[in-house]
Amino acid sequence: MSSNPDPADKTLSETLQNMVLDSSDVHDFLDALAQLSAETFSASGREVHCGITLLRPRRAATVASSSERAQALDEIQHGYDDGPCLRAAREEQTYYIPDFRQEQRFPEYREAIAEHGILSAIGVPIILEGEANAGLDLYSPEANAFTEEAVAEAEEFARATSVSLRMAVRIARLTERGQHLQTAMESRTAIDLAAGIIMGQNRCSQDEAMNILKMASSARNMKLTLVAQSLIESVSEAPPTTHFEG
């Protein structure tokens, strides 16, 4: 067996990495991924719709879709809290539905999805190894639209996307933590500056200045940070700025 990588796999990997770098957040990446998935599995005269669900702990599902119709189809699935994509994400196994009219595993959902002109679908897990659970959903208005080869290709596609999606999720978490840290530092800066102003005006200690700020916060029913910022702006006519040394 040759150890050389498949050029197609390399191209997909590079495309996905560029999508991560070009995306502003996880949802943006998922939208681009859904569009790429739909284009990959559609053919001339046979349009495939794609939805992607990312299930994160203690958070609502983030849904991305390749089109408005795909979004509507995903909303149906989430309305029933069941369907091939959700089961694939939760159970980490593929669900293939050749014909929803004969499907027995989703008794309520199958009726609703068939009414919207969808007859076959594939739900494929995107394994994220503890980062979250994700599922790729491919819809077709034709019965038996997906061959065994197409199902295998969808599974391979999902495996290829898992690394990039894990990267996108981790970047999102780091960005979120960084934003929280920045907010905390800016809040601390404002409070320290306000305390210094009070110390200078009243010739008091830092503890006494902090007590004055806290009493003002309680009396005005405002957060301590907002009281501090208001005091600073009344003196300097500009909001406080946090400076970082490189």
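A residue counts as buried at under 20% relative accessible area, as exposed at over 50%, and as partly exposed in between, with a 1.4 Å probe and protein chains only. Isoleucine 122, at 0% relative accessibility, is buried by this definition.

The structure is a predicted model, in which local features need pLDDT of at least 70 and side-chain atom pairs count only at pLDDT 80 or more, while totals for chains, interfaces and linings use all residues. Residues are numbered from 1 along each chain as its sequence is written, and side-chain values use heavy atoms, with hydrogens and water left out.

## Overall organisation

Helices (H or I, at least four residues) and strands (E, at least two) are DSSP runs, numbered from the N terminus. The chain has 8 helices and 5 strands, and their order along the sequence is α-α-β-β-α-α-β-α-β-β-α-α-α. Of its 246 residues, 41% count as buried. A contact means heavy atoms within 4.5 Å. Among contacts between residues at least 6 apart in sequence, 58% join residues at least 24 apart.

## Buried positions in strands and helix α2

Isoleucine 122 belongs to strand β4 (residues 120–127). Leaving aside neighbours within four places in sequence, isoleucine 122 touches residues including Tyr95, Leu136, Asp137, Phe146 and Ala154. The C-alpha atoms of isoleucine 122 and aspartate 137 are separated by 5.6 Å, and the two residues are 15 apart along the chain.

Aspartate 137 also appears in the surroundings of cysteine 50, a residue of strand β1. Here the C-alpha separation is 5.5 Å, across 87 residues of chain. Cysteine 50 is buried, with 0% relative accessibility. Beyond four places in sequence, the contacts of cysteine 50 include Ala34, Ser37, Ala64, Leu136 and Asp137.

Strand β1 (residues 49–55) also holds isoleucine 52, which counts as buried at 0% relative accessibility. The C-alpha atoms of isoleucine 52 and glutamine 71, 19 residues apart along the chain, lie 9.5 Å from each other.

Serine 37 links this strand to helix α2 (residues 26–41), in which serine 37 lies. Outside its neighbours within four places in sequence, serine 37 is in contact with Cys50, Ile52, Leu136 and Phe157. Serine 37 has 0% relative accessibility and therefore counts as buried.

## Packing of α3 and α5

Axes are lines fitted to C-alpha atoms, for helices over the stretch in contact, and angles run from 0 to 180 degrees between N-to-C directions. Helix α3 (residues 68–80) and helix α5 (residues 107–115) pack at an angle of about 160°, with their axes 10 Å apart. Angles under 35 degrees count as roughly parallel, over 145 as roughly antiparallel, 65 to 115 as roughly perpendicular and the rest as oblique; α3 and α5 are therefore roughly antiparallel to each other.

On the α3 side, Leu73, Ile76, Gln77 and Tyr80 take part, and they meet Glu108, Tyr109, Ala112 and Ile113 of α5. By class, this contact comprises 6 nonpolar, 1 polar and 1 charged residues. In this classification Ala, Val, Leu, Ile, Met, Phe, Trp, Tyr, Cys and Pro are nonpolar, Asp, Glu, Lys and Arg are charged, and the others, Gly among them, are polar.

## Aromatic pairs

Rings of Phe, Tyr and Trp (its six-membered ring) pair if their centres lie within 6.5 Å; planes under 30 degrees apart count as stacked, over 60 as edge-to-face and the rest as tilted. The count by this rule is 4 aromatic pairs. Two of the pairs are set out below.

| Pair | Centre distance | Plane angle | Geometry |
|---|---|---|---|
| Phenylalanine 100 and tyrosine 109 | 5.9 Å | 80° | edge-to-face |
| Phenylalanine 106 and tyrosine 109 | 6.1 Å | 80° | edge-to-face |

Phenylalanine 100 and tyrosine 109 are both buried, and phenylalanine 106 is buried too. Tyr95, Phe100, Phe106 and Tyr109 form one aromatic cluster. Tyr109 is also one of the α5 residues that meet α3, and Tyr95 is among the contacts of isoleucine 122.

## Loop residues with positive phi

Aspartate 81 has a positive phi of about 55° although it is not a glycine. Aspartate 81 sits in the loop between α3 and α4 (84–91) and is partly exposed, with a relative accessible area of 45%.

Asparagine 144, likewise not a glycine, has a positive phi near 55°. This asparagine is in the loop between β5 (133–140) and α6 (148–202). With a relative accessible area of 53%, asparagine 144 is exposed.
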